[in-house]
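Got the model open in your viewer? Set the cartoon on, keep the selection box handy, and follow along stop by stop.

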Amino acid sequence: MRIVLAIVIFLCLLAASLPVRGQEPGDLIKLGQGKFNDTCAACHRTNGEGLPDKFPALKGNPFVLGDPAPVVGTVLNGRQGRLGLMPAWKDTFNDREVAAIVSYVRQAWGNQAPPVAPDLVAEIREKKL
Ligand code: HEC
């Protein structure tokens, strides 16, 4: 009996020490990767290289790696530019999902830029930047 009790206590302690799921930075990137591959990859491709003269590469793109605010703004509101139409996603994804997608594209394919917090997305959504 004692050994069973010891095992139960051990498992409880183990469970209590595990990080809260859904709150870890790694989870944000994973969420972003899933959403990116489901939606953005249709144009920008899963390898982030886009298509010449049609869809810009996000891999190694200074715009993507720079100030996060205009990147978030582009994803939320889309853009009609030289290459064509980048659709708006503000009605498709919530703040956490947009933060996850932008964080993913800033860290995938060798990109190295800091992740983006859902608070920044909320702020930019509010200001309609
Ligand atoms: C239907 C095709 C399409 C889809 C889907 C799409 N994009 Fe785009 N995206 C474009 C086009 C075209 C442009 C370039 C617009 C222009 O000419 O300025 C663009 C531009 C961008 C830029 C700016 C790049 C730069 O150098 O200025 C970012 C960042 C971006 N997209 C991210 C995303 C993300 C993240 C998603 C998914 C949520 C996504 N895109 C989905 C077509 C698409």
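Start by selecting Arg45: it has 16 C-beta neighbours inside 10 Å, so it counts as partly exposed. The cut-offs are these: a residue is buried if 20 or more other C-beta atoms lie within 10 Å of its own, exposed if 12 or fewer, and partly exposed in between, with C-beta atoms placed from the backbone. Arg45 sits in the loop between helix 2 and helix 3. Check its backbone too: phi is near 70°, a positive value in a residue other than glycine.

Before moving on, two notes on the model. It is a predicted one, where local features need pLDDT of at least 70, side-chain atom pairs count only at pLDDT 80 or more, and totals for chains, interfaces and linings use all residues. Numbering runs from 1 along each chain as its sequence is written.

Stay in that loop and pick Asp53, which is placed between helix 2 and helix 3. Its phi is near 65°, again positive in a residue other than glycine. Asp53 counts as exposed because it has 9 C-beta neighbours inside 10 Å.

Now take Asn47, also in the loop between helix 2 and helix 3. Buried or exposed, with 12 C-beta neighbours inside 10 Å? Asn47 counts as exposed. Draw a distance from its C-alpha atom to that of Ala108: the separation is 8.6 Å, although the two are 61 residues apart along the chain.

Zoom out and colour by secondary structure. You should find six helices and two strands, in the order α-α-α-α-β-β-α-α along the sequence. Helices (H or I, at least four residues) and strands (E, at least two) are DSSP runs, numbered from the N terminus. Of the 129 residues in the protein, 20% are buried.

Next, the ligand. Select what surrounds it: 25 residues, with Cys40, Cys43, Gly81, Leu83 and Met86 the closest. A residue is in this shell if its C-beta atom, placed from the backbone, lies within 6 Å of the ligand. Two or more residues each come from helix 2 (25-44), helix 3 (62-65), helix 4 (68-77), strand 1 (79-81), strand 2 (84-86) and helix 5 (95-107). Helix 2 gives the most, five residues. Colour the shell by class and you get 17 nonpolar, six polar and two charged residues. Here Ala, Val, Leu, Ile, Met, Phe, Trp, Tyr, Cys and Pro count as nonpolar, Asp, Glu, Lys and Arg as charged, and the others, Gly among them, as polar.

Hide the ligand and show helix 4 with helix 6 (residues 118-127): their axes come within 10 Å and cross at roughly 65°. On the helix 4 side, Pro68, Ala69, Val72, Gly73 and Leu76 meet Leu120, Val121, Ile124 and Arg125 in helix 6. This contact divides into seven nonpolar residues, one polar and one charged.

Last stop: the largest nonpolar core. Of its 19 residues, Val72, Val75, Val98, Ala99, Ile101, Val102 and Val105 touch the most other members. Such a core is a set of buried Ala, Val, Leu, Ile, Met, Phe, Trp, Tyr and Cys residues joined through C-beta atoms within 7 Å. Helix 5 supplies the largest share of this core, seven residues. Finish on Val105: leaving aside neighbours within four places in sequence, it is in contact with Phe36, Gly48, Leu58, Val64 and Asn111. Contact means C-beta atoms, placed from the backbone, within 7 Å.

Conventions: Axes are lines fitted to C-alpha atoms, for helices over the stretch in contact, and angles run from 0 to 180 degrees between N-to-C directions. Two residues are in contact if their C-beta atoms, placed from the backbone, lie within 7 Å.
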